[in-house]
Amino acid sequence: MTFYELAMGMKVTLRHLLHYRPITLQYPHEKRLLPENYRGMLALLRYDDGTEKCVGCDLCEAVCPSRVIRVISAEVPNEPIKRYAKEYDMDMTRCLFCGLCVQACPVDALGMTREYEWAVYNKRNLHLNKEQLLAIGDRSFPNREKRLEFQHPNVAFFNLPFPGQPLKESQTLT
Amino acid sequence: MHPVLETLQQQFPIIIQSVNEDPQRHELSAQVERGGWGDVAQFLHDDPAMAFDHMTDICSVDYPDDFERFEIIYHFLSLPHGTRIRLKVRVTEDDPSLASICHIWAGANFLEREVFDLMGIRFTGHPDLRRILMPEDYDEGYPLRKDFPAEGKGWRSQMDFIPRLDEPVSEWSADEIPSDQRHQFMAGDSPDESKRTTEMLLNMGPQHPSTHGVLRVVLELDGERVTKAVPDLGYLHRGVEKLAEGLNYMQILPHTDRLDYVCAMTNNYAYVRAVEKLVGITIPERAEYVRTIVAEMQRIVGHLFWLGTQALDIGAMTVFFFTFREREVLLDMFEKLCGARLTLNYFRFGGVDSDLTPEIIASLKEFLNTFSAHIEEYDTLLKENRIWLARTKGVAVISGEDAINFGLTGPSLRGSGVAYDIRKLEPYGMYDKVEWEVPLGKAGDTYDRYWIRVEEMRQSARIIEQCLEQIPEGPIIAEDAKVIPPPKPDVMRDMQSLIHHFIIFTQGFKPPKGETYCATEVPKGELGFFLISDGSPRPYRMKIRSPSFVHMGAFDHMARGYLISDIITIFGTYDIVMGECDR
């Protein structure tokens, strides 16, 4: 009786030993391919001519559930109608990675990248300023958006896929 | 008027101050005078026409401007009649006390303690009225009162019990524990001179791997047998309910992911349903199908997680690897669907965030094809395994009546043979359009609950299969410019959408004044959200009825008389997750 139970249990185990298909990855050496819409590290984006997309409207700051974002906006010098974010800070220690800020941004200046290896020794290194966030955006979205005025006047192009919208070239890159 | 309210008014013409039937949300409520509360509660439980045998929740609300400042709100469910009722009792600030109903519904014990802890209402006749979520010696007040600041009193770094970094490390000395406190975990010497003079107190947790989080239990032992088990909760208390009062409805959604972090999808679902009931949004059919599918996927994930960890706790390691292999497949699908694996934040008011792509549907179908074979595999490992049988059969037995009285829900209740499943009783989503069954146990022990969870996985697979066949084309989110953010491409195009976008994301939407309770069947039991809206974009009060918390109320009852080694099985039998229990 006991041997029968043992045999039944071991049969399952042995079958897996014979049909050995590993499902684990040797992490630092092998890495998973993450999906396009992965909600990883946040980044600020630029247009193709290097100007920042952010207009400093504060929507991301207003919608953030854990008050990660701090924006101080100002007028662009010599261009009194345009505004930009003079300071833009993110305290990533508190971020929930919920993606509400990306959803809220009316000009798609924010993006969620596929970066996730952000373990640091000092917590203060997770307090990111505008330059650092732009740098993350530059390396994660190498194909930048063209400026709006070069596009069809009423259609904006976005960095993140929306339901049913085909992926663009910039997003298929790994 | 509903017959229940009529009978109540006839029976207690003075004590029942007013009754109300919400025509839109089909909810009954009655205002009770505080002096007669004990009689009304007894009548509700005992009268066969009422038979409110299941205690759902106790909530407390603070109205600082009113003369009778605190309102205690009770939710009851009648399992024989399938009706829910909400009773409200007001107490004043000078004398915040109310008759306890612990002797009628045993499940009220922990819930009343929670109300006492967070709002400061004293329940007369309660056997053990102590703080439950906050530390027992916490004397800063009652956190859920409106005059308590949401950010807490004082910064954490300034609290004197946390050692500061610039201070020298203090030397530990024997005098640190005063001598009169040193023996508090030893029962007093018994007067007789027999051999066994004292019972031993064993402290289990909070850092114990099998408590699935940080749960501490003080066990009173007679030899190897447990004579009393006192759970000590609150190590993971984050004050989500207090946080929610400062956030608008949309911002609360990511916080619900972190309640039951194993099954974020169903938490989202429960919260979103409650808000939709409050506002009155109808959801497009395809979105309902998608919701049902992902909720059942999450149920499978939750049960797989339970099966693996329960088996691992008891000693069978192989099952853990096998169940996590399948869980991984489903989590990968979630990742493709919404970009995250655990904290999903996938649901939106009026629909869902992204559509099921053909690729996900194909991989889901492929998963379902092989899934029944995988369940067979777990069965061969466990179903007739002698050790598994010995350690689960007849352990943590609870009878059907007791289970109802303690307010258990979900597989813990159905294991005792009570057919209460919200998906059947109050069908939501697409559960009434598909064929499936509610598995029921007989013995009410851990083995029956194991069997139920395995069977529920099969039923969930059945539901998903039928939903995938029936799913129509169409929009995945409702259109309501006042509540639901317009689609992003529209925001860039026309001014109207941009204005609505700005209003919703800066201020949030304003639901009508009112209150609603909405229960959803999650893998652990009944997760209910009770929302009170005062017409502002933030909830005036949000109460989470978490199944794990209510289940822990029955822990003492279920653990008595078992061996220490069975305590681990009994923890696991509820499928407890501390994030949800402590909130």
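The paragraphs below describe the fold of chain A, its interface with chain B, and one helix of chain B, all in a predicted model.

Chain A is a good place to start. It contains five helices and five strands, and these elements follow one another along the sequence in the pattern α-β-α-β-β-α-β-β-α-α. Of its 174 residues, 39% count as buried. Among the contacts of chain A that link residues at least 6 apart in sequence, 66% join residues at least 24 apart.

Part of chain A is organised as an open sheet of three strands, arranged in the order E2-E3-E5 with antiparallel pairing. Strand E2 (69–76) and strand E5 (127–128) form the edges, each pairing on one side only. Strand E3, which spans residues 79–91, runs antiparallel to E2(A), and eight bridges join the two. As a handy landmark for anyone tracing this pairing, A:Ile69 has A:Met90 in E3(A) as its bridge partner. In general, the strands of a sheet pair through backbone hydrogen bonds, in either a parallel or an antiparallel manner.

Attention now turns to the interface. Chain A and chain B each bring 37 residues to the contact. Together they bury about 3,200 Å², with 58% of this area on carbon and sulfur atoms. On the chain A side, the residues that lose the most area to chain B are A:Arg39, A:Leu96 and A:Gln103, which together make up 17% of what that side buries.

Polar and charged interactions also cross this interface. In total, 14 residue pairs are in polar contact between chain A and chain B, counting pairs with both residues at pLDDT 80 or more. Three salt bridges link the two chains. A:Arg32 forms a salt bridge with B:Asp332, with the closest N and O atoms 3.1 Å apart.

Which elements of chain A give two or more residues to the side that touches chain B? They are helix H1 (2–18), helix H2 (59–63) and helix H3 (100–104). H1(A) gives the most, with eight residues. By class, the chain A side of the interface comprises 25 nonpolar, seven polar and five charged residues.

Chain B offers one further feature worth a look. Its helix H5, covering residues 249–257, is mostly covered, and nine of its nine residues are buried. The buried residues of H5(B) include the nonpolar B:Tyr249, B:Met250, B:Ile252, B:Leu253 and B:Pro254. Also buried in this helix are B:Gln251, B:His255, B:Thr256 and B:Asp257.

Technical notes. Residues are numbered from 1 along each chain as its sequence is written. Chains are lettered from A and ligands numbered from 1 in the order in which they are written. This is a predicted model: local features need pLDDT of at least 70, side-chain atom pairs count only at pLDDT 80 or more; totals for chains, interfaces and linings use all residues. Side-chain values use heavy atoms; hydrogens and water are left out. Contact means heavy atoms within 4.5 Å. Buried area is the accessible area (1.4 Å probe) that two parts lose on being put together, summed over both. A salt bridge is a side-chain nitrogen of Lys or Arg within 4 Å of a carboxyl oxygen of Asp or Glu. A polar contact is a pair of N or O atoms within 3.5 Å; within protein, one must be able to donate a hydrogen and the other to accept it, and residues adjacent in sequence count only if both atoms are side-chain atoms. Helices (H or I, at least four residues) and strands (E, at least two) are DSSP runs, numbered from the N terminus. Buried means under 20% relative accessible area, exposed over 50%, partly exposed in between (1.4 Å probe, protein chains only). Two strands pair if DSSP finds at least two bridges between them.
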